[in-house]
Amino acid sequence: MTIWGFTIVRHESWLPSVLGGSGSTRSCWTDGFPFQQNPPELRRFYLTAIGYHFSEAAMVLLESPKPDFWEMLLHHALACSLTSYSYVLSYVRLGSLVLLLHGATDVFVYASKALVDTQCRWVLALTYKGLVVTYGYFRIFVFPVYIMHSAFMESQQEVEWQRLFGWNYLNFAMCCLLSLHVYWFGLIVKIGLLYGRTGQMRDLQSNLSSAELEKQKKRS
């Protein structure tokens, strides 16, 4: 998904340099918004992303509850509503940037989950470092400084208020998403610190604190 999305938007005017392009996020609001001409492939990519997020939400509800059930449910509810909402209201250009930066981080998220219970410690260490760097860069820096700033400020500068349908919810949901990013980034750093002290790397999905880990050790 990440490679597919990047190949679609890499030469587009709205892909900023911080995401590997040569354009500006301001172009998300130009060219006659909301009646912009976008590549047909972007529509297919977007609909696929919507389906993917709804399937992820269904999996959270169908699987046995995990310690981070409510956080994941909130995250998927926001993802489903934002992708659907942005597609219907023509926030597709901005949405494509959000999907791209999230996808770039997910590569290391799922790699870490896949390797956490294996003996490949040096590979796991590399994926963990890649996760910290990409998560911090894309979701903690690029997302608020460029994407949220564009949604909040540039949209009002380029488009008449009457044409910014659903603007309030768009920005509210993105603020909630950023809060989850900060929360999970803190957990990611905590997991690394825990590994340095105990030599045990926990799956990110478990979200166990060091105190809970010690309780598990005593029980076993």
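These legends accompany four close-up views of the predicted model shown above.

**View 1. A small set of residues surrounds the second largest cavity**.
Two cavities of 30 Å³ or more are counted in this model, and this view looks at the second largest cavity, which holds about 30 Å³ of space. Its lining consists of Gly5, Phe6, Val9, Phe45, Ser96 and Leu100. Helices α1 (2-9) and α4 (92-115) each bring at least two residues to that lining, and α1 gives the most, with three residues. For anyone thinking about chemistry here, the lining has four nonpolar residues, two polar ones and no charged residues.

**View 2. Arg26 and Glu158 form a salt bridge**.
Welcome to the first of the charged pairs shown here; the model has four salt bridges in total. The closest N and O atoms of Arg26 and Glu158 are 3.0 Å apart. This pair links distant parts of the chain: Arg26 sits in the loop between α1 and α2 (40-62), while Glu158 belongs to helix α5 (residues 121-158), 132 residues apart. Arg26 is partly exposed, at a relative accessible area of 30%. Glu158 is partly exposed as well, with a value of 32%.

**View 3. Glu41 pairs with Arg44 inside helix α2**.
Here the salt bridge between Glu41 and Arg44 brings the closest N and O atoms to 2.7 Å. Both residues lie in helix α2, three residues apart, which is about one turn of the helix. How exposed are the two partners? Glu41 counts as partly exposed, with 27% relative accessibility, and Arg44 is likewise partly exposed, with a relative accessible area of 45%.

**View 4. Asp106 and Arg139 join two helices through a salt bridge**.
In this pair the closest N and O atoms are 2.8 Å apart. Asp106 is part of helix α4 and Arg139 is part of helix α5, so the salt bridge ties together parts of the chain that are 33 residues apart in sequence. Is each partner buried or exposed? Asp106 has a relative accessible area of 23%, so Asp106 is partly exposed. Arg139 has a relative accessible area of 5%, and because buried means under 20%, Arg139 counts as buried. Helix α4 may look familiar, since α4 (92-115) also supplies at least two residues to the lining in View 1.

Technical notes:
Residues numbered from 1 in each chain as written. Predicted model: local features only at pLDDT ≥ 70, side-chain atom pairs only at ≥ 80, totals over all residues. Heavy atoms only, no water. 1 Å grid on protein atoms, 1.4 Å probe; cavity = no way out; pocket = protein on both sides within 12 Å on 5 of 7 lines; lining within 4 Å. Points joined across faces, edges and corners; volume = space filled by probe spheres on them. Helix = DSSP H or I, 4+ residues; strand = E, 2+ residues; numbered from the N terminus. Nonpolar A, V, L, I, M, F, W, Y, C, P; charged D, E, K, R; others polar. Salt bridge = Lys/Arg side-chain N within 4 Å of Asp/Glu carboxyl O. Buried < 20%, exposed > 50% of the residue type's maximum accessible area, 1.4 Å probe, protein only.
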